[in-house]
Amino acid sequence: SYSVTGVQTCALPIWAEARKILNLSDNSLNNRIYTYISPVNGVTLIGVTGGVSQSYMPGGYISTELNKVLFTYKDNQIVLYINGVKRGEDLSCTIATNFTTLSVACGHDGTLQLNRVIGNVKYFSEVLSDAEAIKLTTV
């Protein structure tokens, strides 16, 4: 099975509308896993396969200073970590296998731009353990 982990670090203020953080997709709206920040749920992760939402994980509010957001996916599992805490886990979602594009601070089409300095983005070809993910996201 294919797996990946994304890490994002930056200061994230709360806007009036949602802004993308990381967007892993097949360059369409049909198959993607993405994180965004919104005034309603703070950082949230959504998984979409075949145009249908498969996973919805509100991660909660975060600091207005430095933040670290990481997600892992493998087979039918997605896990969200924020600032050293495992914030959500879905062990039964359907995940697309044809991801080709990682968009940082915007959607696949350049919309919903974050417009903030991002200090670091890391992409891994294997799923990190809980301990590794927590260590990487601890502020």
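Which residue of β8 does Ile-78 stand opposite? In this predicted model, Ile-78 stands opposite Asp-90 in β8. The legends below present this strand pairing and further close-up views.

**Figure 1. Strand β7 pairs with both β6 and β8.** β6 and β7 run antiparallel to each other and are joined over six bridges. Across this pairing, Tyr-73 stands opposite Ile-78 in β7. β7 also pairs with β8 in the antiparallel sense, here over five bridges, and in this second pairing the partner of Ile-78 is Asp-90. Five of the six residues of β7 are buried, so the strand is largely enclosed by the rest of the structure.

**Figure 2. Two hairpins each contain a residue with a positive phi.** The hairpin of β6 and β7 has two residues between its strands, and Asp-75 takes a positive phi near 50 degrees there. Asp-75 is not a glycine, and its place is the loop between β6 and β7. This residue is partly exposed, with a relative accessible area of 43%. The hairpin of β7 and β8 likewise has two residues between the strands, and in it Asn-83 takes a positive phi near 50 degrees.

**Figure 3. Asn-27 in the loop between β2 and β3 has a positive phi.** The phi of Asn-27 is about 70 degrees, although the residue is not a glycine. Asn-27 belongs to the loop that lies between β2 and β3. With a relative accessible area of 46%, Asn-27 is partly exposed.

**Figure 4. The largest nonpolar core contains 21 residues.** The members that touch the most other members of this core are Ile-33, Leu-45, Phe-71, Tyr-73, Ile-78, Ile-95 and Phe-99. Several strands contribute: at least two residues of the core come from each of β2 (19-25), β3 (32-38), β4 (42-49), β6 (66-74) and β7 (77-82). A second core, separate from this one, has five residues, among them Val-79, Tyr-81, Leu-128 and Ala-133.

**Figure 5. Tyr-73 and Phe-99 form an aromatic pair.** A pair of aromatic rings is described by the distance of the centres and the angle of the planes. The count of aromatic pairs in the model comes to two. In the pair shown here, the ring centres of Tyr-73 and Phe-99 are 5.4 Å apart and the planes stand at 85 degrees, so the arrangement is edge-to-face. The cut-off behind this reasoning is that planes over 60 degrees apart count as edge-to-face. Tyr-73 lies in strand β6, while Phe-99 lies in the loop between β8 (85-90) and β9 (101-104), so the pair ties together parts that are 26 residues apart in sequence. Both Tyr-73 and Phe-99 are buried.

**Figure 6. Four residues make a nonpolar patch on the surface.** Leu-102, Val-104, Val-121 and Tyr-123 together form this patch, which covers about 300 Å². The elements that supply two or more of its residues are β9 and β10 (118-124). Leu-102 is located in strand β9. Its relative accessible area is 33%, and Leu-102 is therefore partly exposed, since that term applies between the limits of 20% for buried and 50% for exposed residues.

Terms used
Residues numbered from 1 in each chain as written. Predicted model: local features only at pLDDT ≥ 70, side-chain atom pairs only at ≥ 80, totals over all residues. Heavy atoms only, no water. Core = buried A, V, L, I, M, F, W, Y, C linked by side-chain atoms within 4.5 Å. Buried < 20%, exposed > 50% of the residue type's maximum accessible area, 1.4 Å probe, protein only. Helix = DSSP H or I, 4+ residues; strand = E, 2+ residues; numbered from the N terminus. Phe/Tyr/Trp six-rings, centres within 6.5 Å; stacked < 30°, edge-to-face > 60°. Pairing = 2+ DSSP bridges. Patch = residues over 30% accessible without salt bridge, like charges linked within 9 Å, V, L, I, M, F, W, Y side chains within 5 Å. Areas by Shrake-Rupley, 256 points an atom, 1.4 Å probe, with all protein chains shown as cover. Salt bridge = Lys/Arg side-chain N within 4 Å of Asp/Glu carboxyl O.
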